Amino acid sequence: MADGLPHKESMQEYPKPLAKLITELQKLPTIGQKTAQRLAFFMLKLPDTETAQIADAIAQVKQQLSYCDVCGTITDTNPCYICTSPRRNQRIICVVEESDDLWAIERTNGYTGLYHVLGGVLSPLDGTGPDELGINRLFQRIKDSTINDEPVQEVILATNWTTEGQATALYLTQHLETFEINVTRIAYGIPVGGDLEYIDEVTLAKALEGRRKA
């Protein structure tokens with residue numbers, strides 16, 4: 001059977017508690033039936049203390065985490081430690097779609113500014129417009145910064161290179177023109193160590209467009 005949602009008949013082969021666990025695990029991203037089954041049977045073999053720790057960790061995530069009132073990322077302190085850190089450059093804001101994008105950039109250890117998490121991308125077909133995202137909060141942050149000693153000077157658009165991500169970046173670019181700030185877009189192209197013969201045509205074309213002096 002394909003690694004997707006199981007047929008009702010197949011789940012009847014398992015004891016009800018096990019079938020329920022498999023069903024719940026399949027709600028996780030990229031987890032199909034076979035993977036859910038492997039995880040469920042693995043958990044059955046774990047000592048009770050370890051399964052209790054897993055359950056407790058899940059409960060703590062739901063109970064103790066919230067969204068930063070300033071940037072919108074997931075945090076256990078409010079505002080988050082990035083927004084309150086005196087070592088961060090208050091004049092630069094990097095706009096990302098989700099919190100996991102923020103942490104991907106943090107792992108590079110090459111960015112020291114602030115962030116703004118939109119919580120998604122513009123998608124009219126899904127009913128996601130500017131009001132459903134953190135776009136207005138971004139504009140307000142920029143306005144409020146002009147009152148402080150360190151007004152925002154640059155906004156880096158780091159949305160994904162998908163159709164929706166591009167549309168969101170374009171929308172932001174157009175509306176940020178009313179502010180006296182620099183608006184930049186993250187570059188993209190050939191990955192480090194990549195061979196040209198294995199690079200898709202679109203990525204290669206964009207790499208050529210974004211060429212710079214050697």
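In this predicted model, Thr73 is a good place to begin, for this residue has a relative accessibility of just 2% and therefore counts as buried, the limit being under 20%. Thr73 is found in the loop between β1 (66-67) and β2 (74-75). The side chain of Thr73 is joined to that of Ser99 by a polar contact of 3.1 Å. When neighbours within four places in sequence are set aside, the contacts of Thr73 are Ser66, Tyr67, Cys68, Cys80, Ser99, Leu102, Trp103 and Val117.

A second threonine, Thr159, can be read in a similar way. Thr159 sits in the loop between β5 (154-157) and α8 (163-176), and its relative accessibility of 1% places it among buried residues. Its side chain reaches the backbone oxygen of Gly165 at 3.0 Å. Not counting residues up to four places away in sequence, Thr159 touches Val95, Glu97, Leu118, Gly165, Thr168, Ala169, Arg185 and Ile186.

One of those contacts, Val95, leads into the nonpolar interior. In soluble globular proteins, nonpolar side chains tend to be buried together. Here the largest nonpolar core has 18 residues, and Val95, Val155, Leu172 and Leu176 are those with the most contacts inside it. Two or more residues of this core come from each of β3 (89-96), α7 (135-145), β5 and α8. The helix α7 gives the most, with four residues. Leu176 shows what the surroundings of a core residue look like: leaving aside neighbours within four places in sequence, Leu176 is in contact with Phe139, Ile142, Val155, Leu157, Ile181 and Val183. Another core, of 14 residues, lies apart from this one, and among its members are Ile92, Cys94, Val117 and Ala158. Val117 has already appeared above as a contact of Thr73.

Nonpolar side chains are also found on the surface. Val61, Leu65, Tyr67 and Ile74 form a nonpolar patch there, and together they have about 380 Å² of accessible area. Val61 belongs to helix α4 (residues 48-64). With a relative accessibility of 45%, Val61 counts as partly exposed, since that class lies between the 20% and 50% limits. Tyr67, another member of the patch, is also one of the contacts of Thr73.

Turning to charged residues, a search of the whole structure finds three salt bridges. Lys20 pairs with Glu24, with 3.8 Å between the closest N and O atoms. These two residues are four apart in helix α2 (residues 16-25), so about one helical turn separates them. Glu24 also pairs with Lys27, where the closest N and O atoms are 3.1 Å apart. The lysines are both on the outside by the cut-off of over 50%: Lys20 is exposed at 54% relative accessibility, and Lys27 is exposed at 60%. Glu24, at 34%, counts as partly exposed.

The remaining bridge joins the side chains of Glu106 and Arg88, at 2.9 Å from N to O. This pair links distant parts of the chain, with Glu106 in helix α6 (residues 99-106) and Arg88 in the loop between α5 (81-84) and β3, 18 residues apart. Glu106 is buried, with a relative accessible area of 15%, and Arg88 is buried as well, at 13%. Lys20, Glu24 and Lys27, for their part, are joined into one network by salt bridges that share partners.

Some details of the backbone complete the picture. The peptide bond from Asn78 to Pro79 is cis, with omega near 0°, and Pro79 is found in the loop between β2 and α5. Thr30 is not a glycine, yet its phi is positive, at about 65°. Thr30 lies in the loop between α2 and α3 (33-45) and is exposed, with a relative accessible area of 79%. Asn109, likewise not a glycine, has a positive phi of about 55°. Its place is in the loop between α6 and β4 (113-117), where Asn109 counts as exposed at 72% relative accessibility.

Methods
Residues numbered from 1 in each chain as written. Predicted model: local features only at pLDDT ≥ 70, side-chain atom pairs only at ≥ 80, totals over all residues. Heavy atoms only, no water. Buried < 20%, exposed > 50% of the residue type's maximum accessible area, 1.4 Å probe, protein only. Polar contact = N/O pair within 3.5 Å; in protein donor to acceptor, adjacent residues only side chain to side chain. Contact = heavy atoms within 4.5 Å. Core = buried A, V, L, I, M, F, W, Y, C linked by side-chain atoms within 4.5 Å. Patch = residues over 30% accessible without salt bridge, like charges linked within 9 Å, V, L, I, M, F, W, Y side chains within 5 Å. Areas by Shrake-Rupley, 256 points an atom, 1.4 Å probe, with all protein chains shown as cover. Salt bridge = Lys/Arg side-chain N within 4 Å of Asp/Glu carboxyl O.
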